[in-house]
Amino acid sequence: MKKLCFFDAKPYDKIYFDPFAKEYNYEILYCDSKLNERSVVFAQGCDAVVAFVNDRVNGAVVNALSEMGISVVALRCAGYNNVDFKEAYGKVHIVRVPAYSPYAVAEFTMGMFLALNRKLYRAYNRIREYNFSLIGLLGMDFHGKTMGVVGTGKIGQVFIDICLGFGMKVLAYDPYPKERDGVRYVTFEELCRHSDMISLHCPLTRESYHLVDEKAIRTMKDGVMLVNTSRGALIDSTALIEGLKEGKIGAAGLDVYEEEGDYFYEDYSGAVMPDDELARIISMPNVLLTSHQAFLTREALKNIAETTMENLRQYFDGEALPNEICYRCAKRGSCKREHKERCF
Ligand code: NAD
């Protein structure tokens, strides 16, 4: 029986992974801790590690795993910006879940725009105090407005479908455009200049780090609504705060935050928030911040569990790894996998 060390485990993970573990004959050691250079010791004696978005698969972790004889990390997510691929190459295979439900994230994203626009979260709080006033709750019609979509992959495409269903105009920016009716591809600068709302759906890479910085924000329309359900570091938080303070950004929906790793998924109620920028962002009435939850649907969790287990079965059975990713794959086309069926 293979033993898996499962980091950053939550009760909802167990519900979806346990039935598959039985089916695949795996024993799962669930650890509350996030994976990092200190917690990696929990994996001693295991055959594989299962990691999530805020687990760190950095050089120290890769080398510690390698010394323990563990040569596979199964990411139970699509994004992989938390992996040091150069260090992992040749030592630890990294497999992931490239798609589990683009609907989960795209629907959540539109939910954020709607909640921000009509101030549903404020209305909810008011009504609980029997305050039935509508002052301050004014929104706008989405019909006819322009949505700028940055990154038009699996999630971006579903999100575009939703926007077109609302009767919106769609501008898009992606280095690999997928032309379709109702969508006009433009430069990032033009997208910023002409969009009433902007939604981020591209991965975090060296090129996209702080894509939304002070300059980009200055280019945007006054009062623009900005939603990020992708990765926190796509936005420069300091510039975001300035944009919100000046009123340049009318509202922001953030399911991710660039320094989320220390806080998201944990209960800090009762503690003093040490991150001043996070505290400032949360204090703003026109910000809706959630704890990286856009993926959290029943369908997504089931698909994540199934694909993760299948990825590991393929690894243990010595088969090809269609969901493996290495630094060469990340640079499109330069991976030699097509010859060897594994990245190395
Ligand atoms: P995908 O790979 O299908 O699509 C990503 C798209 O972004 C591609 O079309 C790519 O060409 C484009 N792109 C790459 N670099 C870009 C850049 N610098 N500027 C603009 N576009 C760029 O990925 P996906 O499944 O649609 O997921 C998108 C992102 O959503 C993931 O990378 C992940 O960070 C995030 N995500 C978040 C959650 C959540 O719970 N909040 C869940 C899943 C995924």
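Is Ala104 buried or exposed? Select Ala104 in this predicted model and keep the answer for the third stop.

**Whole chain**

Start with everything shown as a cartoon. The protein has 13 helices and twelve strands. Its radius of gyration is 21 Å, and the globule rule gives 20 Å for 344 residues, so the protein is as compact as a globular protein of that length. Aligned on the principal axes, the C-alpha atoms fill a box of roughly 60 × 50 × 35 Å.

Switch to a surface. The accessible area of the protein is about 16,600 Å², and carbon and sulfur atoms hold 51% of that area. Of the 344 residues, 51% are buried. Colour by charge next: there are 42 positive and 47 negative charges, and their mean positions lie 3 Å apart. Among the contacts with a separation of 6 or more, 66% join residues 24 or more positions apart.

**Two domains**

Now select 2-100 together with 298-332, which the domain assignment gives as domain 1. Select 102-289 in a second colour for domain 2. Between the C-alpha centres of domain 1 and domain 2 the distance is 30 Å. Where the two domains touch, domain 1 contributes 15 residues and domain 2 contributes twelve residues.

**Ala104**

Return to Ala104, which sits in helix α4, residues 102-118. Its relative accessibility is 6%, and the cut-off for buried is under 20%, so Ala104 counts as buried. Which residues is Ala104 in contact with, leaving aside its neighbours within four places in sequence? Show Ala294, Phe295, Thr297 and Ala300 as sticks; these are the contacts of Ala104 beyond that window. Then add Arg298 and draw a C-alpha to C-alpha distance from Ala104: the value is 9.2 Å, for two residues 194 apart in sequence.

**Two positive phi angles**

Most residues other than glycine have a negative phi. The last two stops depart from that pattern.

Follow the chain to Lys119, in the loop between α4 and α5 (120-128). Lys119 is not a glycine, yet its phi is positive, at about 55°.

Finish at Asn25, in the loop between α1 (11-24) and β2 (26-30). What is the sign of phi at Asn25? The angle is positive, about 65°, although Asn25 is not a glycine. On the surface view Asn25 is partly exposed, with a relative accessible area of 43%.

Methods
Residues numbered from 1 in each chain as written. Predicted model: local features only at pLDDT ≥ 70, side-chain atom pairs only at ≥ 80, totals over all residues. Heavy atoms only, no water. Helix = DSSP H or I, 4+ residues; strand = E, 2+ residues; numbered from the N terminus. Rg over C-alpha atoms; globule rule 2.2 N^0.38 Å. Buried < 20%, exposed > 50% of the residue type's maximum accessible area, 1.4 Å probe, protein only. Contact = heavy atoms within 4.5 Å. Areas by Shrake-Rupley, 256 points an atom, 1.4 Å probe, with all protein chains shown as cover. Lys, Arg positive; Asp, Glu negative; His and termini not counted. Charge placed at Lys NZ, Arg CZ, Asp CG, Glu CD. Domains from an automatic or database assignment.
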